[in-house]
Amino acid sequence: MAIRCVASRKTLAGLKETSSRLLGFRGIQTFTLPDLPYDYSALEPAISGEIMQIHHQKHHQAYVTNYNNALEQLDQAVSKGDASTVVKLQSAIKFNGGGHVNHSIFWKNLAPVNQGGGEPPKGSLGSAIDAHFGSLEGLVKKMSAEGAAVQGSGWVWLSLDKELKKLVVDTTANQDPLVTKGGSLVPLVGIDVWEHAYYLQYKNVRPEYLKNVWKVINWKYASEVYDKESK
Amino acid sequence: MSSFGSKRMAASSAVTAGYVLKPPPFSLDALEPHMSRQTLEFHWGKHHRAYVDNLKKQVLGTELEGKTIDHIIHTTYNNGDLLPAFNNAAQAWNHEFFWESMKPNGGGKPAGELLALLERDFTSYEKFYDEFNAAAATQFGAGWAWLAYANDKLKVVKTPNAVNPLVLGSFPLLTIDVWEHAYYLDFQNRRPDYIKTFMNNLVSWEAVSARLEAAKAASSSSA
């Protein structure tokens with residue numbers, strides 16, 4: 001049965017782990033689930049509180065937990081000089097580390113309407129979008145189309161290519177982070193198109209989710225990143 | 001409840017899916033409480049239907065038009081460099097195969113020759129169960145887990161997105177869909193619970209046995 005009660009607090013007390021633990025002689029840094037800067041229900045009606053809670057507390061938490069486990073195993077394998085195990089762990093690190101990286105960005109890419117969610121970008125990012133895509137509508141149309149066309153699970157991204165100094169739209173599969181598409185790509189806006197990101201609310205109609213998610217995209221944050229990285 | 005179209009299932013390991021959205025061999029509420037009517041309304045009624053409808057549109061006016069679903073799947077798999085129609089074709093096939101892998105009051109341990117073969121190739125039913133469960137649980141992202149038959153041996157395989165054992169050179173015998181849309185309404189993120197429910201309550205071993213017989217016949221006739 002779907003969860004009916006939506007917790008109004010961003011995190012449940014007791015879920016937090018200590019922020020770092022020393023493991024092995026090198027002291028491996030492990031990770032914790034970041035807090036959301038808004039309540040689970042604050043993005044409604046674009047994204048339901050039910051989805052936000054499960055997405056954050058279950059899916060993202062699982063990536064964090066599994067990433068930490070993989071890192072611990074990696075630490076041991078590296079210490080022992082066990083090359084086969086080191087290589088074998090790479091996919092778990094990519095899946096779960098990527099999941100943690102991507103979702104950490106995603107929560108910052110979203111904001112409630114009363115905190116600027118959906119407000120079009122101004123300043124240099126706004127101009128860059130007009131220059132590269134004709135208009136914000138043009139960018140939105142392109143990203144929504146590419147997001148809808150992702151087969152299976154993945155993400156659609158707007159990024160700044162630092163080397164070529166231009167904005168780029170890309171998709172990645174599964175939890176591959178954007179760097180897998182190019183080392184000079186800095187993510188500005190990522191939209192999760194895994195079914196867990198929208199299914200309880202939009203069911204099979206991913207295009208409807210993509211139409212509505214723009215109402216809560218935090219362009220202020222994207223602009224900050226763009227300004228910082230395009231210096 | 002007698003299994004629907006057992007002769008048809010036995011006729012070939014390849015289902016004739018593609019161009020027709022066949023209803024599952026049970027009513028949409030027949031798998032409750034293990035798989036809800038709501039899930040089947042969306043999964044069969046929307047997702048599977050879309051694969052079939054979109055495939056028809058996609059092959060219209062191309063050299064794939066009029067070909068069998070098997071032909072389209074193999075051609076568009078293109079040795080892993082997937083051509084555009086692969087996703088719709090393979091998913092249309094996979095979903096028909098999935099409905100026919102299930103039945104009301106199914107699941108649990110098979111008997112007879114099938115059990116003997118599982119014990120031969122996995123040591124025990126429990127070991128098979130663990131391996132199938134692990135494959136389904138660890139297929140990252142969207143995909144499927146399978147029991148398949150090749151070179152007179154049973155094996156567990158997991159595949160991403162729309163890929164299936166047909167293109168990998170083995171006969172599919174059983175599958176579980178682990179795309180999130182297959183379980184999200186009933187189980188949300190809890191894929192392990194969904195897999196357990198499928199294994200314990202939904203598997204149609206009759207269908208698996210019929211497919212195994214067809215696979216053995218097909219193998220020996222081409223030897």
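A polar contact is a pair of N or O atoms within 3.5 Å; within protein, one atom must be able to donate a hydrogen and the other to accept it. The exercises below use a predicted model.

**Exercise 1. The interface**

Describe the contact between chain B and chain A: its residues, its buried area and its polar links.

*Solution.*

Step 1. Count the residues on each side. Chain A brings 19 residues to the contact, and chain B brings 18.

Step 2. Take the buried area. The two chains bury about 1800 Å² between them. Carbon and sulfur atoms carry 61% of that area.

Step 3. Find the main contributors on chain B. B:Phe140, B:Glu180 and B:Tyr184 supply 38% of the area that chain B buries against chain A. No other three residues supply more.

Step 4. Apply the polar contact rule. Six residue pairs are in polar contact across the interface, both partners at pLDDT 80 or more.

Step 5. Look for salt bridges. The rule finds zero between chain B and chain A.

Step 6. Place chain B's side on its helices. Helix 2 and helix 7 (184-187) of chain B each supply at least two residues of the side that touches chain A. Helix 2 of chain B gives the most, with four residues.

Step 7. Sort that side by class. The side of chain B that touches chain A has six nonpolar, eight polar and four charged residues.

**Exercise 2. The largest pocket**

State the volume of the largest pocket and work out which elements line it.

*Solution.*

Step 1. Start with the volume. The largest pocket holds about 740 Å³ of space.

Step 2. Go to the centre. There are 26 lining residues, and the closest to the centre are A:Ala62, A:Asn66, A:Asn96, B:Ala137 and B:Phe140.

Step 3. Assign helices. Chain A offers helix 1 (49-80) and helix 3 (90-109), while chain B offers helix 6 (125-138) and helix 8 (191-201); each gives at least two lining residues.

Step 4. Pick the main supplier. Helix 1 of chain A gives the most, eight residues.

Step 5. Sort by class. The lining has 11 nonpolar, 10 polar and five charged residues.

Step 6. Link back to Exercise 1. B:Phe140 is among the residues closest to the centre of this pocket, and B:Phe140 is also one of the three top contributors to the area chain B buries against chain A.

**Exercise 3. The second largest pocket**

Repeat the analysis for the second largest pocket, from volume to residue classes.

*Solution.*

Step 1. The volume is about 490 Å³.

Step 2. The lining has 21 residues. Nearest the centre lie A:Ala148, A:Val150, B:Tyr51, B:Asn54 and B:Asn87.

Step 3. Four helices each supply at least two lining residues: helix 5 (136-149) and helix 7 (206-213) of chain A, and helix 2 (37-59) and helix 4 (86-99) of chain B.

Step 4. Helix 2 of chain B has the largest share, six residues. Helix 2 of chain B also gives the most to the side of chain B that touches chain A.

Step 5. By class, the lining divides into 10 nonpolar, eight polar and three charged residues.

**Exercise 4. Backbone features**

Locate two cis peptide bonds and a positive phi value in a residue other than glycine.

*Solution.*

Step 1. In chain A, the bond between A:Glu44 and A:Pro45 is cis, with omega about 0°. A:Pro45 sits in the segment before helix 1 of chain A.

Step 2. In chain B, the bond from B:Glu32 to B:Pro33 is cis, with omega near 0°. B:Pro33 belongs to the loop between helix 1 (6-11) and helix 2 of chain B.

Step 3. B:Thr123 has a positive phi, near 85°. B:Thr123 lies in the loop between helix 5 (112-122) and helix 6 of chain B.

Conventions: Residues numbered from 1 in each chain as written. Chains lettered and ligands numbered in written order. Predicted model: local features only at pLDDT ≥ 70, side-chain atom pairs only at ≥ 80, totals over all residues. Heavy atoms only, no water. 1 Å grid on protein atoms, 1.4 Å probe; cavity = no way out; pocket = protein on both sides within 12 Å on 5 of 7 lines; lining within 4 Å. Points joined across faces, edges and corners; volume = space filled by probe spheres on them. Nonpolar A, V, L, I, M, F, W, Y, C, P; charged D, E, K, R; others polar. Contact = heavy atoms within 4.5 Å. Buried area = accessible area lost by both parts, 1.4 Å probe. Salt bridge = Lys/Arg side-chain N within 4 Å of Asp/Glu carboxyl O. Polar contact = N/O pair within 3.5 Å; in protein donor to acceptor, adjacent residues only side chain to side chain.
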